[in-house]
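Trainee: I have a structure open on my screen and would like to look closely at one part of it. Could you walk me through it?

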Amino acid sequence: MPVDPLERRQGTSSRPLILWNHRWEYDKRPDRFLELLDRLESDGVEFELALLGPRAQKVPRALLDIRSRHASRIIADGMVPRAEYEALLRSARVVISTADHEFQGLAMIEAVSAGASPVVPDALCYREQYPEQHRYPSDDMSAAAALVKQALGACEQVNQGEVDISDWTSDKTAPIWRAFLQDKAQPQRTAE
């Protein structure tokens, strides 16, 4: 699915905002996200949270625990109007994935296009999309916390978090998909 890049903010966000914009389901591993947040708090890291993304009817235990343990840090929680969603993506300093299952990483691409610095597992589609310095060993929340601290501390470093994801946005992917689908829609000739 093509992702239209968002208008990118200028420079690095001054807010220590951590963004989660994924589905709140088991394969996205919100339990790991909770562990990461607890590590950051125990290390005395200042941060805010935007907890976005679709929710199942039954609220996941990890989200309940995040709301309980990190209530004062939460500036957004739930589905928000598109304009507000885009504004939060532009103001986020870091966007995190803790996923075990990911085909395209659309939510990450969208947030990174807006200027957030990615922190992703060194697995799945992320190996092709993001440089090594933005990846951590998949279940090592200590390593993930170190990357988040680095991204949150990068406010003075202009453009530190910028990652080129142009190969993964609609400008490049839409023509490829169109050509592929047109080729598949052509009647196949059979040998006589």
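Leaving aside its neighbours within four places in sequence, which residues is Arg67 in contact with? Please also show me how its surroundings fit into the chain.

Mentor: Happy to! Keep in mind that this is a predicted model. Setting aside neighbours within four places in sequence, Arg67 is in contact with Arg55, Val59, Ile74 and Asp77. Take Asp77 from that list: Arg67 and Asp77 lie 10 residues apart in sequence, and their C-alpha atoms are 8.9 Å apart in space. Arg67 itself sits in helix α2. Is Arg67 buried or exposed? It falls in between: its relative accessible area is 29%, so Arg67 counts as partly exposed.

Now stay in helix α2 and look at Asp65, which also has its place there. With a relative accessible area of 14%, Asp65 is under the 20% cut-off and therefore counts as buried. The side chain of Asp65 makes a polar contact of 2.8 Å with the side chain of Arg61. Not counting residues up to four places away in sequence, Asp65 touches Leu34 and His70.

Let's step out to the strands on either side of this helix. Helix α2 covers residues 61-69, and together with β2 and β3 it makes a right-handed β-α-β unit. The two strands of that unit, β2 and β3 (residues 74-77), pair in the parallel sense over 3 bridges. Within that pairing, Leu49 stands opposite Ile74 in β3. You have met Ile74 already, as one of the residues in contact with Arg67.

Strand β2 has another parallel partner to look at: β1 (residues 17-20) pairs with β2 (residues 48-51) over 4 bridges. Here Trp20 stands opposite Leu51 in β2. Helix α1 (residues 30-42) joins β1 and β2 in a further right-handed β-α-β unit.

Helix α1 is worth a pause, and Leu34, the residue touched by Asp65, is among its buried residues. The full set is Pro30, Arg32, Phe33, Leu34, Leu36, Leu37, Asp38 and Leu40. What covers them includes β1, β2, α2, β4 (94-96) and α6 (141-152), so the helix you asked about is part of that cover. The length of α1 also checks out: at 1.5 Å a residue, its 13 residues should span 18 Å, and the end C-alpha atoms are 18 Å apart, which agrees.

Look at what flanks α1, too. Arg29 is found in the loop between β1 and α1, and it has a positive phi of about 55° although it is not a glycine. Most residues other than glycine have a negative phi. At 22% relative accessibility, Arg29 counts as partly exposed. After α1 comes Gly44, whose phi is positive as well, near 75°.

Finally, zoom out to the whole chain. The protein chain has 7 helices and 6 strands, and from the N terminus on they run β-α-β-α-β-α-β-α-β-α-β-α-α. Of its 192 residues, 46% count as buried. Among contacts with a separation of 6 or more, 71% are between residues 24 or more positions apart.

Definitions and conventions:
Residues are numbered from 1 along each chain as its sequence is written. This is a predicted model: local features need pLDDT of at least 70, side-chain atom pairs count only at pLDDT 80 or more; totals for chains, interfaces and linings use all residues. Side-chain values use heavy atoms; hydrogens and water are left out. Two strands pair if DSSP finds at least two bridges between them. A crossover is right-handed if, with the strands pointing away from the viewer, the path from the first strand over the helix to the second runs clockwise. Buried means under 20% relative accessible area, exposed over 50%, partly exposed in between (1.4 Å probe, protein chains only). A polar contact is a pair of N or O atoms within 3.5 Å; within protein, one must be able to donate a hydrogen and the other to accept it, and residues adjacent in sequence count only if both atoms are side-chain atoms. Contact means heavy atoms within 4.5 Å. The expected span of a helix is 1.5 Å times one less than its number of residues.
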